[in-house]
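The exercises below are to be worked with the sequence and the coordinates side by side. Each task is followed by a solution in steps.

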Amino acid sequence: MVRSDLIDRIAEENPGLSRSEVEKVVETFFDAIVTQLNAGGRVELRGFGAFSVRSYRARTGRNPRTGEAVSVEAKSRPFFKPGKAVLTRLNGGS
């Protein structure tokens, strides 16, 4: 599913909202998550999961083609931990 599919599905299930209104809500939702993560925070959606940021230190890696050592900069990556309800549904629960 891509963003436009999500917008279409929400718009279908909420006929009182226009597609542009739904698009704005989805965009605001994603922006709020990114803003919170960028500030070093955590976003928890009960029953769904939690988004957080994990930091990785700088290290020396290898180019798989040549075997040459390359330096990999320190970086931060988003991390998602699914909630219990999501895991249950994915693994055959109701």
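**Exercise 1: Aromatic rings**

Phe 29 is partly exposed in this predicted model, since its relative accessible area is 38%.

Task: Determine how many aromatic pairs the model contains, and classify the pair formed by the rings of Phe 29 and Phe 30.

Solution. Rings count as a pair if their centres lie within 6.5 Å, and by this rule the count comes to 3 aromatic pairs. For Phe 29 and Phe 30 the ring centres are 5.8 Å apart and the planes stand at 55°. Planes under 30 degrees apart would be stacked and those over 60 edge-to-face, so the pair of Phe 29 and Phe 30 is tilted. Phe 30 is likewise partly exposed, with a relative accessible area of 28%.

Task: Describe the geometry of the pair formed by Phe 51 and Phe 80, and say which strands it links.

Solution. The centres of Phe 51 and Phe 80 are 4.9 Å apart with 45° between the planes, and this aromatic pair is tilted. Phe 51 lies in strand E2 and Phe 80 in strand E5, 29 residues apart, so that the pair links distant parts of the chain. Phe 80 is partly exposed, at a relative accessible area of 31%. Ring pairs also bring in Phe 48, which forms a cluster with Phe 51 and Phe 80.

**Exercise 2: Helix H2**

Task: Compare the expected span of helix H2 (residues 19–38) with the distance between its end C-alpha atoms, and decide where its buried residues lie around the axis.

Solution. With 20 residues at 1.5 Å a residue, H2 should span 28 Å, and its end C-alpha atoms are 28 Å apart, which agrees. The buried residues of H2 are Val 22, Val 26, Ile 33 and Leu 37. They cover an arc of only 45° around the axis, and therefore lie on the same side of H2. An α-helix has 3.6 residues a turn, so residues three or four places apart point the same way. On the other side of H2, Ser 20, Lys 24, Thr 35 and Asn 38 are exposed. The buried residues pack against helix H1 (3–13), strand E1 (43–45) and strand E2 (49–56).

**Exercise 3: The sheet**

Task: Establish the strand order of the sheet, its edge strands and the placement of H2 on it.

Solution. The 3 strands form an open sheet in the order E1-E2-E5, with antiparallel pairing. E1 and E5 (75–82) are the edge strands, each pairing on one side only. From one strand to the next the twist averages 25°. H2 packs on this sheet, where it touches E1 and E2, and its direction makes about 40° with that of E2.

Terms used
Residues numbered from 1 in each chain as written. Predicted model: local features only at pLDDT ≥ 70, side-chain atom pairs only at ≥ 80, totals over all residues. Heavy atoms only, no water. Helix = DSSP H or I, 4+ residues; strand = E, 2+ residues; numbered from the N terminus. Expected span 1.5 Å × (residues − 1). Buried < 20%, exposed > 50% of the residue type's maximum accessible area, 1.4 Å probe, protein only. Arc of directions from axis to C-beta. Contact = heavy atoms within 4.5 Å. Pairing = 2+ DSSP bridges. Axes fitted to C-alpha atoms, helices over the stretch in contact; angles between N-to-C directions. Phe/Tyr/Trp six-rings, centres within 6.5 Å; stacked < 30°, edge-to-face > 60°.
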